[in-house]
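Student: Can we go through this one together? I'd like to start with the contacts.

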Protein chains: 2
Amino acid sequence: MTSGRSSRGGAPTTEGVSRTASAKAPERGIPEATVARLPVYLRALITLSDREIATCSSEELAAAAGVNSAKLRKDLSYLGSYGTRGVGYDVEYLRYQIAREIGVTQDWPVVIVGIGNLGHALANYSGFSSRGFRIVALLDSDPARHGEPLGDRFIRDFADLETIVREHDVAIGVIATPAHAAQDVCDRLVACGVTSILNFAPSVLSVPEGVDVRKVDLSIELQILAYHEQRKSAAYDADALTEPEIAAAVVESA
Amino acid sequence: MTSGRSSRGGAPTTEGVSRTASAKAPERGIPEATVARLPVYLRALITLSDREIATCSSEELAAAAGVNSAKLRKDLSYLGSYGTRGVGYDVEYLRYQIAREIGVTQDWPVVIVGIGNLGHALANYSGFSSRGFRIVALLDSDPARHGEPLGDRFIRDFADLETIVREHDVAIGVIATPAHAAQDVCDRLVACGVTSILNFAPSVLSVPEGVDVRKVDLSIELQILAYHEQRKSAAYDADALTEPEIAAAVVESA
DNA sequence: CTCAGTTTGTTCCCACGTTCACAAACTCCT
DNA sequence: AGGAGTTTGTGAACGTGGGAACAAACTGAG
């Protein structure tokens with residue numbers, strides 16, 4: 001078990017207290033960056049598993065996941081020592097361990113709020129159900145949509161939210177409404193006891209402590225690409241100019 | 001005017017050389033984390049602008065964008081000195097400067113490949129067109145879908161890709177196909193000269209140097225939420241156990 | 001003009017994340 | 001058994017990012 005530890009963090013600057021309340025003492029603490037990659041590793045392992053590959057090296061798995069092998073090994077080391085030196089990783093075993101660590105070995109009931117174009121796409125998305133996420137309700141505030149069949153469910157009234165959340169013990173909510181409705185929906189979800197929210201609406205949500213929000217913003221992703229694309233073109237332009245011309249252009253733009 | 005001054009950059013820590021070769025010397029280098037936030041600031045400024053607010057402080061803008069004000073000021077400082085001390089930022093002016101820096105003051109033709117549920121949602125998404133992104137083609141390899149109207153376009157054959165890309169000088173492609181088709185589509189896009197790709201398919205794309213890929217993966221986002229959700233529950237469980245019991249449980253699971 | 005009040009731009013420092021490089025631990029062959 | 005070859009797990013160096021704090025630069029009142 002290598003009780004050593006040490007080296008991590010090192011300076012307990014703002015901690016000191018810590019032991020105050022109850023738990024929180026060990027805080028196994030898998031870094032956030034690692035958590036974000038675990039699902040990628042899991043998918044790569046599932047692919048290998050489907051191809052009936054029993055064992056793989058960190059190099060192979062890293063290639064399948066699109067990362068550097070040293071990073072992969074360090075990431076996996078936060079979970080424990082699940083590999084064998086000189087051999088590699090057992091695909092099925094590692095797959096199970098990662099799935100357990102992420103929590104996808106259990107069933108997660110999910111509600112989707114806002115059944116427009118995106119909501120339809122989400123409701124039909126097979127990637128949800130295949131990873132332990134079960135859509136228990138599709139909610140919309142527009143009465144014209146109530147009762148409409150979608151996937152293996154029917155669209156229901158957003159007013160039924162609280163009943164549904166309590167009945168199915170829902171912890172995760174997906175917001176796919178227009179931006180102007182997102183904060184209201186979010187507040188309602190939180191009030192019902194939902195503590196994790198995936199937000200597709202282009203708006204900043206404010207939530208109380210203890211509630212996690214992740215946002216997916218299509219427009220922002222495109223803008224980031226546009227920025228880099230613009231710089232690629234600018235690099236060409238810069239090559240076409242001599243240094244004095246660059247200096248002149250800089251002054252001009254100021 | 002403030003001709004001289006500058007003061008940008010400040011600490012030439014690891015630079016020193018820099019002046020060596022031709023271009024690449026200045027390399028204004030906005031940090032990636034900052035680039036990812038600029039679209040958020042832009043959206044916040046547009047909201048303020050719509051409310052006819054002429055000026056705002058870093059504190060106000062930071063609140064609207066959901067970030068810390070020191071971080072916001074530092075981010076903006078990479079673009080230049082666009083604020084006035086003791087006053088704040090001119091909303092319209094800053095809005096324009098950020099839009100120009102990101103590149104959304106110009107028009108970006110975009111093709112979407114794979115018109116399933118998600119492709120439909122993307123084609124109808126207003127956030128694209130409102131930020132300078134113009135969808136010039138919706139492509140799918142399924143002949144049954146060709147000619148189908150969607151938004152203000154018709155679905156066309158994927159085989160037309162090269163013609164369309166050359167005709168409209170498309171630099172950005174969106175992949176919304178099933179996972180198994182994504183790498184092929186990606187290769188075709190790259191071969192036609194597309195250098196920025198937004199990938200919605202749950203697969204790792206490999207591209208040559210110089211091509212940017214960003215991925216949006218709904219399933220991964222949910223899994224990250226599930227991980228944190230699981231730990232919240234685990235915290236409760238831990239509270240219910242005494243320390244020896246925790247130790248026992250840990251050993252057992254290993 | 002001067003002074004008090006306000007807000008930006010920047011510096012400094014710490015925490016986090018990435019990568020290299022290598023010892024430890026395993027397999028396989030002779 | 002022993003040694004060569006392979007691959008993991010991790011220590012250490014490096015780079016990036018975040019936040020507190022403060023000097024610089026502005027406004028406005030007297």
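Tutor: One term to begin with: a polar contact is a pair of N or O atoms within 3.5 Å; within protein, one must be able to donate a hydrogen and the other to accept it, and residues adjacent in sequence count only if both atoms are side-chain atoms. This is a predicted model, in which local features need pLDDT of at least 70 and side-chain atom pairs count only at pLDDT 80 or more, while totals for chains, interfaces and linings use all residues. Residues are numbered from 1 along each chain as its sequence is written, chains are lettered from A and ligands numbered from 1 in the order in which they are written, and side-chain values use heavy atoms, with hydrogens and water left out.

Student: OK. How many residue pairs are in polar contact between chain B and chain A?

Tutor: There are 25 such pairs between chain B and chain A, both residues being at pLDDT 80 or more. On the side of chain B that touches chain A, helix α9 (residues 218-240) of chain B gives the most, with 17 residues. Helices (H or I, at least four residues) and strands (E, at least two) are DSSP runs, numbered from the N terminus.

Student: And salt bridges between chain B and chain A, how many?

Tutor: Six, a salt bridge being a side-chain nitrogen of Lys or Arg within 4 Å of a carboxyl oxygen of Asp or Glu. One pairs the side chains of A:Arg43 and B:Asp217, with N to O at 2.6 Å.

Student: How much area do chain B and chain A bury between them?

Tutor: About 6000 Å², 62% of it on carbon and sulfur atoms. Buried area here is the accessible area (1.4 Å probe) that two parts lose on being put together, summed over both. In chain B, the residues that lose the most area to chain A are B:Leu222, B:Gln223 and B:Leu225, together 11% of what that side buries.

Student: How is chain B related to chain A?

Tutor: A turn of 180° with a shift of 0.0 Å along the axis lays chain B on chain A at an RMSD of 0.1 Å. The two copies are thus related as by a two-fold rotation axis. The superposition is by least squares on the C-alpha atoms of residues with pLDDT of at least 70 in both.

Student: Switching to DNA strand D. Which residues come nearest?

Tutor: A:Ser58, A:Arg73, A:Tyr89, B:Lys74 and B:Arg85, of the 28 residues around DNA strand D (near means a heavy atom within 4 Å). Of the atoms of DNA strand D within 4 Å of the protein, sugar and phosphate account for 62%.

Student: What about A:Ser58 and the phosphate oxygen?

Tutor: A polar backbone atom of A:Ser58 is 2.4 Å from a phosphate oxygen of DNA strand D. For A:Gly83, a polar backbone atom is 3.0 Å from a phosphate oxygen of that strand, and for A:Tyr82 a backbone N or O atom lies at 3.4 Å.

Student: Which element gives the largest share of that surface near DNA strand D?

Tutor: α3(B), with four residues.

Student: Last one: how many salt bridges over all chains?

Tutor: 18. Among them, A:Asp107 and A:Arg134 have their closest N and O atoms 2.7 Å apart. A:Asp107 is in the loop between α4 (91-102) and β4 (108-113) of chain A and A:Arg134 in strand β5 (residues 133-140) of chain A, so the pair ties together parts 27 residues apart in sequence.
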